[in-house]
Amino acid sequence: MKTPTPALSTQLIHAARAVQAVRQGRSLTEVLSQFPASVRPATQALSFTVLRRLGSAEAARSCLVTKAPSPEVDALLLTALALLWPDQASQADAPYADHTLVNQTVAAVKQEHPHSASFVNAVLRRFIRERDDLLSQLNHQPVFQTNHPAWWIKQLQQDWPEHWSHILEANNQHAPMCLRVNARWGTAQDYLDRLSQAGLTGHLVEHPLLRHAVQLEHPVSVNLLPDFAQGAVSVQDAAAQLAAPLLLQSEGLGQASLAPGARVLDACAAPGGKTAHLLELAALDLVALDSDASRLQRVTETLSRLQLNAHTLAADAGHTARWWDGQTFDAILLDAPCSASGIVRRHPDIRWLRRPDDLAQFQRSQMRLLRELWPLLKPQGRLLFATCSVFRCEGPEVMEAFQREHANARLVTPIHGSLLPGLPPDNPMCSPGDGFFYALLEKQTD
């Protein structure tokens, strides 16, 4: 029996709790996992919309209220303001009329904080009356316009003076659902035909290295994907699908140059998408390493569904003395911890969770991992450094610093550089999916 959809007032309460948790520094993914399954989809849809408009909602609230109410009431107020935006009618995830949203928000406040119901009602109704004037008044504020923190905007303007506005605009869009067809099962075109037979539409992703990528016209539950449970296909962003072919292929982007049975390390493997892709494309002796044992379990589950095998190991890649067996690797994939600034459209909370000081900390971590893993690579071996970041300090600057320290690290061209979302397709830095940075290094003989 299908679970009934919760009342809108109940959905607003849960969404406001999620938004409040993010404003207090908690990951939205973590917060949503703690909600009952019956309310999780609606809560995610609403909270995604609110977080994409949080900067605008906070700016509007500041104009309407001289002093912010308690955090709990403020979260409900900001949730409603974000959902009352002028383009609301075009948003499939929150198609509510103004009066419905106001009434349901007030009902939610009465249930949770009855003493604040009149206050919230008055603020929301004033916003509706003065909405056009408020938007005009605030339109010059960058945070209001872009719904990103001021420091984030400034950093992108510094890093990408010609592209920053495209990146910010792309971050506020809904990310498409992209699939990776298991190369051991068939071609992307074969699976596209099977999708059509199942009543689902999509298209092949056009990129010279993405031979198994299919983008759906509309996102669906994985349960509706043909043979998903049997391992025919996985969900993975198109830009993330570049990692495996970049590491496996030769400098000329031709045939895979790693011999069967080559020893490969995936140094930060969880949740396992890139690990699985490597094994789908080649017969490898692969070690999947991750410092988080619970996240490593997801790698095991992914490999099991896809009927693939790897050696999984819970350990910090940067502490090699604790886990390395002394045998060097033919290739290493280092998908390093980063700000995740390139996947904001999939995780809209990231922009509100990060702080400026985080970037320097991530950069130090990335350099530490590169320094520790480089000695584990065989001569003529290759290391692919990847981050899902659009900030230069987590990509080009790391590579420049590492190469200055290591004369035997040769950057393989043309396989390097930043991939930015939202750019025109003819721009060589235009990403086929999320924002990423890739750099392929080859270890020269000392």
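1. In this predicted model, the disulfide count comes to 0. C388 is accordingly in no disulfide; the nearest cysteine sulfur, that of C338, lies 3.6 Å away, whereas a disulfide requires a pair of cysteine sulfur atoms within 2.5 Å. C388 is buried, at a relative accessible area of 16%.

2. C338 also provides the closest cysteine sulfur to that of C393, but the separation here is 10.0 Å, too far for a bond. C393 likewise counts as buried, with a relative accessibility of 12%.

3. The strands merit a separate remark. An open sheet is formed by 4 strands, in the order β2-β3-β1-β4, with antiparallel pairing. β2 (202–204) and β4 (233–235) occupy the edges; each has a single partner strand, so one side of each is left without a neighbour in the sheet. From one strand to the next, the twist averages 30°.

4. At the β2 edge, the pairing can be described by residue. Strand β3 comprises residues 213–216 and is joined to β2 by 3 bridges, the two strands running antiparallel. Among the residues involved, G202 has L216 in β3 as its bridge partner.

5. Beyond the β4 edge, Q241 is located in the loop between β4 and α12 (243–248). Although Q241 belongs to a loop, this residue is buried, its relative accessible area being 1%. Apart from neighbours within four places in sequence, Q241 is in contact with C178, L179, R180, L210, H212, A213, Q236 and H277. One of these contacts, A213, falls within the residue range of β3 (213–216).

Methods. Residues numbered from 1 in each chain as written. Predicted model: local features only at pLDDT ≥ 70, side-chain atom pairs only at ≥ 80, totals over all residues. Heavy atoms only, no water. Pairing = 2+ DSSP bridges. Axes fitted to C-alpha atoms, helices over the stretch in contact; angles between N-to-C directions. Buried < 20%, exposed > 50% of the residue type's maximum accessible area, 1.4 Å probe, protein only. Contact = heavy atoms within 4.5 Å.
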